[in-house]
Amino acid sequence: MFYASLLKLACLWSQARNGFKANQRVDLFAQFVQWMAHDLKIASPLPLQIARDRLVGPQGNAASYTDRLIKLSKQPLDDLWGASWDLALLGSIASFEAGEVTDIGGRDVVVVTADRALVELRGRIIDLHDVVDFPVGRMPLKLARMDVDKRLHHHAAEIARLSLVPNDSAIARAEAGADRSVAHIAHLIAQLELEVVATLGR
């Protein structure tokens, strides 16, 4: 899901390479959250935070970690694949923080990285010091930072609403007992890889 999400974000961001109006970023963010909710069908907080920071958050230094994290070059698929592993590592920390995983000696697991972009992304997530039980296990409650680019202040309510769409959709599917299979993601990835290569790999 991390790889698919970063592929989608790269495709959307490529639409703005030649410049665009600030309010068009809200449209790009809306496309991302609707894709996550209805195509990916998984609410993934880390890619959502990156998309929000890159597309509708304060620009400049505040969003620069997203460029360093994704590191797009002439081999965008390799770059996005590597970044997705970074997110998988960071996402695994959630299990550690919930007290579910320890090392052999029963000590807390600590992840050490020299990737400042990954550290900055983790800093964008606020710990609420509580856990909630899901069908897949216990997870710590966290709150994403919702700061919005000052040029988009009049869209703040809409951005906040959009940020909840993937999670609300995931809850609705769980309550309805919807199929939890992730087999569809492989097809999404194949399509998105072709789009990324066509737009960024040349």
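**View 1. Helix α3 is mostly covered, with 10 of its 11 residues buried.** This is a predicted model, so keep that in mind for every view here. Which residues of α3 are buried? Start with Leu46, Pro47, Leu48, Gln49 and Ile50, then carry on through Ala51, Arg52, Asp53, Arg54 and Leu55. The list isn't just greasy side chains: Arg52, Asp53 and Arg54 are on it too.

**View 2. Here's the whole chain, for orientation: eight helices and two strands.** Follow the sequence and you'll meet the elements in the order α-α-α-α-α-α-β-β-α-α. Of the 202 residues in the protein chain, 39% are buried. The chain exposes about 11300 Å², and carbon and sulfur atoms supply 57% of that area. Now think about contacts between residues at least 6 apart in sequence: 68% of them join residues at least 24 apart.

**View 3. Zoom in on the largest nonpolar core, a set of 45 residues.** Which residues have the most contacts inside this core? They are Phe29, Phe32, Trp35, Leu40, Ile50, Leu80 and Leu121. Plenty of helices chip in: α1, α2 (24–40), α3 (45–55), α4 (64–70), α5 (76–97), α6 (116–123), α7 (156–175) and α8 each give two or more residues. As a rule of thumb, nonpolar side chains in soluble globular proteins tend to be buried together.

**View 4. Phe29 gets a close-up of its own, with its contacts from further along the chain.** Skip the neighbours within four places in sequence, and what does Phe29 touch? Its contacts are Leu48, Ala51, Arg52, Leu55 and Val56, plus Ile159, Leu162 and Ser163. Look back at View 1 and you'll spot some of these names, including Leu48 and Ala51, among the buried residues of α3.

**View 5. Helices α1 and α8 meet in a left-handed crossing.** The axes of α1 and α8 (residues 184–200) come within 9 Å and cross at roughly 35°. On the α1 side, the contact is made by Tyr3, Ala4, Leu7, Lys8, Ala10, Cys11 and Ser14. On the α8 side, you'll find Ile185, Ile189, Leu192, Glu193, Glu195, Val196, Thr199 and Leu200. Sorted by class, this contact has 10 nonpolar, two polar and three charged residues.

**View 6. Ser14 sits in helix α1 (residues 2–14).** Is Ser14 buried or exposed? Its relative accessible area is 12%, and since anything under 20% counts as buried, Ser14 is buried. Setting aside neighbours within four places in sequence, Ser14 is in contact with Thr199 and Leu200. Ser14 and Leu200 are 186 residues apart along the chain, yet their C-alpha atoms are separated by 7.3 Å.

**View 7. Lys41 lies in the loop between α2 and α3, and its backbone is worth a look.** Lys41 has a positive phi of about 65°, although it isn't a glycine. Most residues other than glycine have a negative phi. Lys41 is also partly exposed, with a relative accessible area of 42%.

**View 8. His155 is in the loop between β2 (137–144) and α7.** What does His155 touch, leaving aside neighbours within four places in sequence? Its contacts are Asn23 and Val26. His155 and Val56 are 99 residues apart in sequence, but 9.4 Å apart in space from C-alpha to C-alpha. You've already met Val56 as a contact of Phe29 in View 4.

Key
Residues numbered from 1 in each chain as written. Predicted model: local features only at pLDDT ≥ 70, side-chain atom pairs only at ≥ 80, totals over all residues. Heavy atoms only, no water. Helix = DSSP H or I, 4+ residues; strand = E, 2+ residues; numbered from the N terminus. Buried < 20%, exposed > 50% of the residue type's maximum accessible area, 1.4 Å probe, protein only. Contact = heavy atoms within 4.5 Å. Axes fitted to C-alpha atoms, helices over the stretch in contact; angles between N-to-C directions. Left-handed = near helix turned anticlockwise from the far one by under 90°. Nonpolar A, V, L, I, M, F, W, Y, C, P; charged D, E, K, R; others polar. Core = buried A, V, L, I, M, F, W, Y, C linked by side-chain atoms within 4.5 Å. Areas by Shrake-Rupley, 256 points an atom, 1.4 Å probe, with all protein chains shown as cover.
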